[in-house]
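This report goes through one structure by its backbone, its strands and helices, and its cysteines. Please keep the sequence and the 3D view at hand while reading.

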Amino acid sequence: MKLLKLKCIGWAGLGLAALAFAAPEQPNVVLVFADDLGYGDLGCYGATRVKTPNIDKLATEGRRFTDAHSASAVCTPSRYGLLTGEYPVRGNGGKGIWGPCGHFQPLLIDTNKLTLAQLFKNKGYATAAIGKWHLGFGTGKTDWNKPLRPGPLELGFDYYFGVPKVNSGYPYVYVENHGIVGYDPNDPVVFNPPFSETTTYGPEAGNKSPNRVGGAKKAHALYDDEKTGALLTEKAVEWITQNREKPFFLYFPTTNIHHPFTPGPQFKGSSQAGLYGDFIQEFDGMVGELVKCLEQNGLADNTLIIVTSDNGGMFNTGGQDAFAAGHRQNGDLLGFKFGVWEGGHRIPFIAKWPGKITPGTVSSQLISGVDMLATCAAITGQTVEKKQLADSINVLPALVGDPAAPLRETLVLCPNKPTHLSVRKGRWVYIPAQGAGGFNGKPGVHAAGGPACASFVGNVNSDIENGKIKKNAPPAQLYDLVKDVNQTQNVYNQFPEVVQEMEALLATYQPVKADARKARRNKEK
């Protein structure tokens with residue numbers, strides 16, 4: 001099938017792409033979703049203190065995007081947006097999904113909502129999620145002693161194996177399908193002392209919360225941070241091999257490179273950026289093993305493989321150690337994970353698809369994690385109702401062609417704090433408050449971020465002086481990302497007409513709060 005240069009946008013682009021790719025042999029799709037991998041964490045994005053040859057090779061053989069964004073600057077809402085195609089601000093019945101999923105939260109995705117997995121399953125694909133879930137289980141308060149349903153399997157995945165929450169937080173077990181691996185009904189999970197022993201690490205590995213789960217000793221004994229990367233990779237390779245005879249979709253959300261930084265023994269000391277860099281290099285090795293598996297099974301030529309991240313890099317203790325060693329996790333971008341400045345959500349995005357994506361190319365198209373749903377619908381030749389597509393836009397033309405016009409004009413940016421819900425339109429990004437809306441700790445602590453850390457790493461911003469927001473700084477922020485991608489100059493006062501337009505646009509996503517902000521600002525004036 002010949003590659004078509006698709007230059008249509010919106011629904012027209014979706015329709016043409018669907019026609020162009022509705023082939024008898026459907027392509028496999030492997031979506032690698034790293035945790036906290038920043039814009040500057042890969043060699044192909046400028047890193048020099050870490051080596052990522054496997055991912056760099058994917059970029060050489062495929063396409064690298066320079067204006068790709070996660071659905072949120074935070075892990076859980078970012079995953080919600082990726083799998084549903086819906087901005088996290090619309091989740092939770094319109095209240096929004098903002099921070100990381102808690103220990104007992106129910107499944108955060110409505111099982112009636114179309115997901116990436118269900119989309120592929122509707123087309124006859126085998127589907128699996130192998131890695132970090134962090135989207136909750138069950139209804140009501142999660143009962144870890146009962147089948148963990150609804151969960152991934154109720155959202156279209158045939159198989160799930162991985163870390164149920166986050167590697168820095170209990171219960172420190174693996175889950176397979178609906179149950180805890182190694183679960184013993186005679187030794188159930190309890191949330192009271194004495195707490196079960198789990199692997200612990202020194203402060204150089206970064207923050208890992210103490211275990212607050214008792215019982216389930218066998219399940220806890222199976223969990224090993226330093227072996228998790230290899231285990232997830234082994235499970236993924238095994239699953240691909242077992243399903244090589246039919247089209248498949250593999251969602252591979254890794255625990256790398258989220259703290260604690262616990263690379264396998266063979267990767268310790270392998271980088272020039274401490275344990276943080278070692279963890280990146282292990283992640284690159286994991287990607288290499290997936291590619292090797294595809295090649296050995298004769299699947300590489302008919303597989304689209306995407307490598308991206310759930311948000312930008314976090315300036316935690318590991319990130320600070322890496323910076324001291326000369327590594328800039330988010331490149332020269334302003335800000336970090338949790339915040340709405342570019343460093344919080346502008347992420348690596350690399351795609352390789354032999355015969356479809358031109359090797360060694362770079363795209364500056366604006367794309368988001370929420371766009372995977374509409375794009376994969378086009379890839380598999382499916383027509384999806386606009387309501388189910390939610391906020392997803394088909395960016396297949398940006399993968400396989402060179403569109404002259406932008407496919408996506410606007411993008412909602414979701415940080416940790418609802419007060420900083422922001423909007424991008426073309427060259428402009430508007431932030432309706434001061435600061436980034438993320439962590440604000442000073443360097444030296446785990447929850448570091450904000451103005452203090454921006455100054456510490458050498459970023460320049462007109463609102464910041466000596467690590468603090470200036471007293472006379474504007475009440476909100478406007479940046480021209482074409483002229484100033486590193487957000488050095490807040491031009492809020494220079495373009496009042498643009499501010500007014502962007503405020504009106506943002507109000508369509510959060511009208512009550514936006515109106516309240518505008519009224520308060522007018523009163524201050």
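## Backbone and cysteines

Histidine 134 sits in the loop between β3 and β4. The model is a predicted one. The phi angle of histidine 134 is near 60 degrees, a positive value in a residue other than glycine. At 2% relative accessibility, histidine 134 counts as buried.

The loop between β3 (126-130) and β4 (159-162) also holds proline 150. The peptide bond that leads from arginine 149 to proline 150 is cis, and its omega is near 0 degrees. Another cis peptide bond links asparagine 256 to isoleucine 257, with omega about 10 degrees. Isoleucine 257 belongs to the loop between β8 (248-253) and α7 (274-296).

Alanine 216 is not a glycine, yet its phi is positive, at about 50 degrees. This alanine 216 is part of the loop between β7 (190-195) and α5 (217-222). With a relative accessibility of 4%, alanine 216 counts as buried. Glycine 298, just after α7, has a positive phi of about 70 degrees.

The table lists the positive phi values and the cis omega values.

| Residue or bond | Angle | Value |
|---|---|---|
| Histidine 134 | phi | near 60 degrees |
| Alanine 216 | phi | about 50 degrees |
| Glycine 298 | phi | about 70 degrees |
| Arginine 149 to proline 150 | omega | near 0 degrees |
| Asparagine 256 to isoleucine 257 | omega | about 10 degrees |

Next comes the helix α7. How far apart are the end C-alpha atoms of α7? They are 33 Å apart, and this agrees with the span of 33 Å that its 23 residues should have at 1.5 Å a residue. The helix α7 is mostly covered, as 17 of its 23 residues are buried.

Strand β10 (residues 346-352) is mostly covered too, with seven of its seven residues buried. Which strands does β10 pair with? Strand β2 (residues 63-69) is joined to β10 by five bridges, and the two run antiparallel. Arginine 64 has isoleucine 350 in β10 as its bridge partner. Strand β9 (residues 303-309) also runs antiparallel to β10, and four bridges join them. Here threonine 308 stands opposite phenylalanine 349 in β10.

The last topic is the cysteines. How many disulfides does a search of the whole structure find? The search finds zero disulfides. Why is cysteine 414 not bonded to cysteine 75? The closest cysteine sulfur to that of cysteine 414 is the one in cysteine 75, and at 14 Å it is too far for a bond. A disulfide needs two cysteine sulfur atoms within 2.5 Å. Cysteine 414 counts as buried because its relative accessibility is 4%. Cysteine 453 is in no disulfide either, and its nearest cysteine sulfur, that of cysteine 75, is 18 Å away.

Is cysteine 453 buried or exposed? Its relative accessibility is 0%, so cysteine 453 counts as buried. Cysteine 453 lies in helix α12 (residues 450-456). Leaving aside neighbours within four places in sequence, cysteine 453 is in contact with residues including Phe315, Phe336 and Pro443. Gly441, Lys442 and Ala448 are also among the contacts of cysteine 453. Between the C-alpha atoms of cysteine 453 and glycine 467 there are 7.0 Å in space, while the two are 14 residues apart in sequence.

Notes:
Residues numbered from 1 in each chain as written. Predicted model: local features only at pLDDT ≥ 70, side-chain atom pairs only at ≥ 80, totals over all residues. Heavy atoms only, no water. Buried < 20%, exposed > 50% of the residue type's maximum accessible area, 1.4 Å probe, protein only. Expected span 1.5 Å × (residues − 1). Pairing = 2+ DSSP bridges. Contact = heavy atoms within 4.5 Å.
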